[in-house]
Amino acid sequence: QVQLVESGGGSVQAGGSLRLSCAASGYATSGVCMAWFRQVPGREREGVANIYMFVGSTVYADSVKGRFTISGDKAKMTMYLQMNSLKPEDTAMYYCAADQAEVISWLLRPEPDFGYWGQGTQVTVSS
């Protein structure tokens, strides 16, 4: 049974940093695309970043480029999101997602591409 468990959320002031983790169990990450999404109540879930674990290729939303870094550790079956220079508009529930990927896309993959999801971790950035 595949499980994705996020951790590392919390509250921080604008300009601060947080590091999210997503630990995958029951799943081989080598051929997988893993992703971070975020959602604010009343709004659609939006993609933040993708990583193709077998080659390490990454894709970012324009809103986080230069501030967030997605990375993965295949040995630990864990994905990370280092978030720097946080802004109040980054406040959201952050979800990790994963699924097999045979080709690399240079665009963020949409929600339907991912069959496995974590439970979410809250990030709150105060001004």
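## Exercises on a sheet and a disulfide

Six bridges join β7 to strand β8 (residues 78-83), and the two run antiparallel. The model is a predicted one.

**Exercise 1. Place β7 and β8 in their sheet, and find which strands lie at its edges.**

Step 1. Start with the general idea. Strands of a sheet pair through backbone hydrogen bonds, in a parallel or antiparallel way.

Step 2. Read the strand order. The open sheet has four strands, ordered β1-β3-β8-β7, with antiparallel pairing.

Step 3. Look for strands that pair on one side only. These are β1 (3-7) and β7 (68-73), the edge strands.

Step 4. Add the twist. From one strand to the next, it averages 15°.

**Exercise 2. Describe the setting of Thr78: its strand, its bridge partner, its exposure and its contacts.**

Step 1. Locate the residue. Thr78 sits in strand β8.

Step 2. Find the bridge partner. Thr78 is paired with Asp73.

Step 3. Decide between buried and exposed. The cut-off for buried is under 20% relative accessible area. Thr78 has 9% relative accessibility, so Thr78 counts as buried.

Step 4. Check the side chain. One of its polar atoms lies 2.9 Å from the backbone oxygen of Lys76.

Step 5. List the neighbours, leaving out residues up to four places away in sequence. Thr78 touches Ser21, Cys22, Ala23, Met53, Ser71, Gly72 and Asp73. Cys22, among these contacts, leads to the next exercise.

**Exercise 3. Find the disulfide, give its handedness and say which parts of the chain it links.**

Step 1. Recall the bond. A disulfide is a covalent bond between the sulfur atoms of two cysteines.

Step 2. Count. The structure holds one disulfide.

Step 3. Test the distance. A pair of cysteine sulfur atoms must be within 2.5 Å. The sulfur atoms of Cys22 and Cys96 are 2.1 Å apart, and these two residues form the disulfide.

Step 4. See what is linked. Cys22 is in strand β3 (residues 18-25) and Cys96 in strand β9 (residues 92-100). The two are 74 residues apart, so the pair links distant parts of the chain.

Step 5. Use the torsion. About the S-S bond of Cys22 and Cys96 it is about 55°, so the disulfide is right-handed.

Step 6. Check burial. Cys22 is buried, at a relative accessible area of 0%. Cys96 also counts as buried, at 0% relative accessibility.

**Exercise 4. Why is Cys33 not bonded to Cys22?**

Step 1. Take the closest cysteine sulfur to that of Cys33. It belongs to Cys22 and is 12 Å away.

Step 2. Conclude. That is too far for a bond.

Step 3. Add the exposure. Cys33 counts as buried because its relative accessibility is 0%.

Conventions:
Residues are numbered from 1 along each chain as its sequence is written. This is a predicted model: local features need pLDDT of at least 70, side-chain atom pairs count only at pLDDT 80 or more; totals for chains, interfaces and linings use all residues. Side-chain values use heavy atoms; hydrogens and water are left out. Two strands pair if DSSP finds at least two bridges between them. Axes are lines fitted to C-alpha atoms, for helices over the stretch in contact, and angles run from 0 to 180 degrees between N-to-C directions. Buried means under 20% relative accessible area, exposed over 50%, partly exposed in between (1.4 Å probe, protein chains only). A polar contact is a pair of N or O atoms within 3.5 Å; within protein, one must be able to donate a hydrogen and the other to accept it, and residues adjacent in sequence count only if both atoms are side-chain atoms. Contact means heavy atoms within 4.5 Å.
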